[in-house]
Amino acid sequence: MRGGQNYVSSPPSFSNDGKRLLVCSGCSVAIFSTATALQVSALEGHTAPVTSVVVVPGSKVLCYCWTSSVDGTIRQWDFSIPECIKKIDIHFPIFSMVIPSVLSPPQENNAKTPNVFAYVSVQVENAQDNKLKPLRGQIRKCNLTNYQTVSNLILKETEQPEPLTVSPSGKFLGIKVKRRILIWKIPKMDSDSAVSKKITLHHSKTFTVLAFHPTERIVAAGDVTGRILIWRGFGSQKFQDSSGLLNRSSMNDGEDKPGVRENDDAELCSTWHWHSAGVSLLSFTSDGEYLYSGGKEGVLVLWQLDTGKKNFLPRIGSPLLYFVDSPDPSLSSISCADNQIRILKIPSMEVMMSISGIKPPSSSKEICESLSSRAAFDCTSGLVAVQTENYGIQFYSLFANRGLYEVQVCERNHQPVDEVTIVVTMVELSVDGAMMGTVEVNLPEEGIGGLVCLKFWDLDSESKRFSVSTLIYEPHRDAHISAVAFHPTRRMAVSSSYGGDFKIWVCNKEIQHKDRMLQNSSWMCHAVGSYKNKAMRAAAFSADGSVLAVAADTVITLWDPDKNVLIAVVGETPTPIVRLDFAGKSEYLLSVSHGSKPQLSVWSMSKLAASWSYRLQVQAVSCSIDLSYFAVLALLPKSNDRTFRDDGMILLFNVTDPIPVASWSVTKANGGGLAFLKGNPSEIAGTDGKPSQTVLAYINGDREYVLFDPYDKEAFESSMAWRDDLAALEETGQFGYTSIYGELPMFDLKRNKASSVFSAASSERPWETIFSGSSHMLPPLTKLCSEFLESLLEKRTAIVE
């Protein structure tokens, strides 16, 4: 099961009765009910992202549409069934498609039905090598009625494929190319070789969007500065069917064409300016009396075309992308950059409901990439909590593939020019999903200031929404928080900091007296711990909550959370540990290290020693709740010469065996996450026909996700074969740590033999190099001495008498 697709990559399209909305959703077209905003069906068949969907106008009974895709195909559908009727392969990736002939009224005089032609914006790979900027985009025609091959007639070549805009009457076609607008007049009797007349309109700024008037020769275009230019009577000279004597005077008299630049073929050009940033949305109303515009401000502006007067729909909360009218005059839709489609009630301009996709990551990645948190999963209910642009947390149902609600961590209205001043750096959920912890950081201004805030949230049992329970400013003085973890069974949590300490927090429900009930739940500090002033970088509770593991730089400290007593110190890693997880109910603990020598290690709590490890750049890790399995998302080395575009691997391990049980190659692994979820019987079925108890969720960096059964044998067989690469370690002299324990093995994905992966073989003469090397790379003195003394002792074979 897949989900999390982008709903706003292309404009949607209403059905003829206005009851359904067809939305491009990844490699399929999702069909939503406009009455409930729920998905009712889908058009599946394309093998690459769908770029256009065009509903054929007609009676309310007709349910036909055309779709185009990057896979190079155009398909005709009956979306009432749904079923694919026709497939046309033009062998070029299609980035935009319009079909003018379905918009023009039928000609009654001609008994023969004319062919239907589509205009497509395609990408051509074999660009000219002799040009400084190869032209990779082309606009071409395609006969949908009697297709043999794509037309050789090229209307325009561009540097990149450009989106196409067709007039509502089907008479004109336009594109924007930097500071120019190109408009073609569609021939009345179109054919593969029919040449369209073309005009060009110029501007001093780069265009961002254009729109045609439904009945008159008026075109509007927006630019990067927020201006809207409106040309009236465009093509009055070149598009005239007759000799155009009435327009000859306008060619020689510049005063008759106010606002028109460089002898452009238009009668008048006027400019409106309200938007503070680039205009991304323009659309005329069906009667042509008004013009809608929108941009980064998240405000829909309604202009009266004759007077220029404005009306506003403010506080939409996200930059606007598309406005689409419905055949039902009381409905319209707005597509927003936060992956939401709002259904509007016209003319009151009231938002009736929203189609909620998963919200994209923050656009300010370069500012807060090091601070941004990973997604948090509620494994019992199948929810994921992700950060939003406006300092909020969206709760998204992975099984239903729709947004449920949003929690505002910080109160903030959408402001397009605001600099990033606050970053939500951490979101963590308890095992039962009833508690949430968030960390927000006020970024310092010019090196001054900066504030860290820890918030605990409780889930209301009736409304099923989170509300703030406790707010703690600077919980670790001026140090940043590195991790937050919840106790599996009690209302207890731990927060660790880079300042060298960790704090255990308990809710007042845990300490309340029997004789009185506290109404308001709040959290208080129960204990504080530290270890040699080292930065506490990660924390985790065991399955029963009796042990708290805290990573102190490169070592793991084990604590009794109730008594706050240090129990033991386990091992040491080459680089600081950034993640800790107990492997289900087993005795093993996982640690993840980043840095120059990234490492995934499995530690035995009964032996207080390393069990096995890999040198892997781990992005995410998740442990099965009941079983001793865990999955890791590993990033592949960039220097690795691969023949396919996957950049990550999901590896499934049994905690006792270093050989992976299964592996899957994935894309967009950077910023991704993993989680074992309790299966939804209505959505996920096991291989034997029974509902699967556990599914694995993978969400990539773009927040697209897939749910699958990790224990399905067929899924194992679908693992991709790899080349004989992932280069082995360079043969260098071993010293210090490696002289005793051996070099950590590079993971070989082709390895399928039951051989030991953990290279623990010591050298034959370890005493020669045991104390050489840098001091920070040597193991603890107790291990060095025991190894050194054992090497001097003579081993004797026991004789049984």
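**Exercise 1. Find where Pro347 sits, and look at the bond before it.**

Start with the place: Pro347 is in the loop between strand 28 and strand 29 (350-356). Strands here are DSSP runs (E, at least two residues), numbered from the N terminus. Next, check the bond: Ile346 and Pro347 are joined by a cis peptide bond, with omega about 5°. Now try Pro82, in the loop between strand 8 (73-78) and strand 9 (83-89). The peptide bond from Ile81 to Pro82 is cis too, with omega near -10°.

A quick word before going on: this is a predicted model, where local features need pLDDT of at least 70, side-chain atom pairs count only at pLDDT 80 or more, and totals for chains, interfaces and linings use all residues. Residues are numbered from 1 along each chain as its sequence is written, and side-chain values use heavy atoms, leaving out hydrogens and water.

**Exercise 2. Explore the largest nonpolar core.**

First, the rule: a nonpolar core is a set of buried Ala, Val, Leu, Ile, Met, Phe, Trp, Tyr and Cys residues joined through side-chain atoms within 4.5 Å. Buried means under 20% relative accessible area, exposed over 50%, and partly exposed in between (1.4 Å probe, protein chains only).

Then the count: the largest core has 28 residues, and Tyr7, Leu398 and Leu677 have the most contacts inside it. Elements giving two or more residues include strand 3 (20-25), strand 28 (340-345) and strand 54 (673-678). Strand 55 gives the most, with three residues.

Zoom in on Leu398: not counting residues up to four places away in sequence, its partners include Met1, Phe377, Val384 and Leu707. Contact here means heavy atoms within 4.5 Å.

**Exercise 3. Work out what surrounds Gly584.**

Begin with the loop between strand 46 (577-582) and strand 47 (588-593), where Gly584 lies. At 8% relative accessibility, Gly584 is buried. Leaving aside neighbours within four places in sequence, Gly584 touches Ala543, Cys623, Ser624, Ile625 and Leu627. Finally, compare chain and space: Gly584 and Ser628 are 44 residues apart along the chain, yet their C-alpha atoms are separated by 5.7 Å.

**Exercise 4. Track down two residues with positive phi.**

Take Arg315 first, in the loop between strand 25 (310-313) and strand 26 (320-325). Phi of Arg315 is near 55°, a positive value in a non-glycine residue. Arg315 counts as exposed because its relative accessible area is 73%.

Lys532 comes next, in the loop between strand 41 (523-529) and strand 42 (536-541). Phi of Lys532 is near 55°, and Lys532 is exposed at 63% relative accessibility.

Methods: Helices (H or I, at least four residues) and strands (E, at least two) are DSSP runs, numbered from the N terminus.
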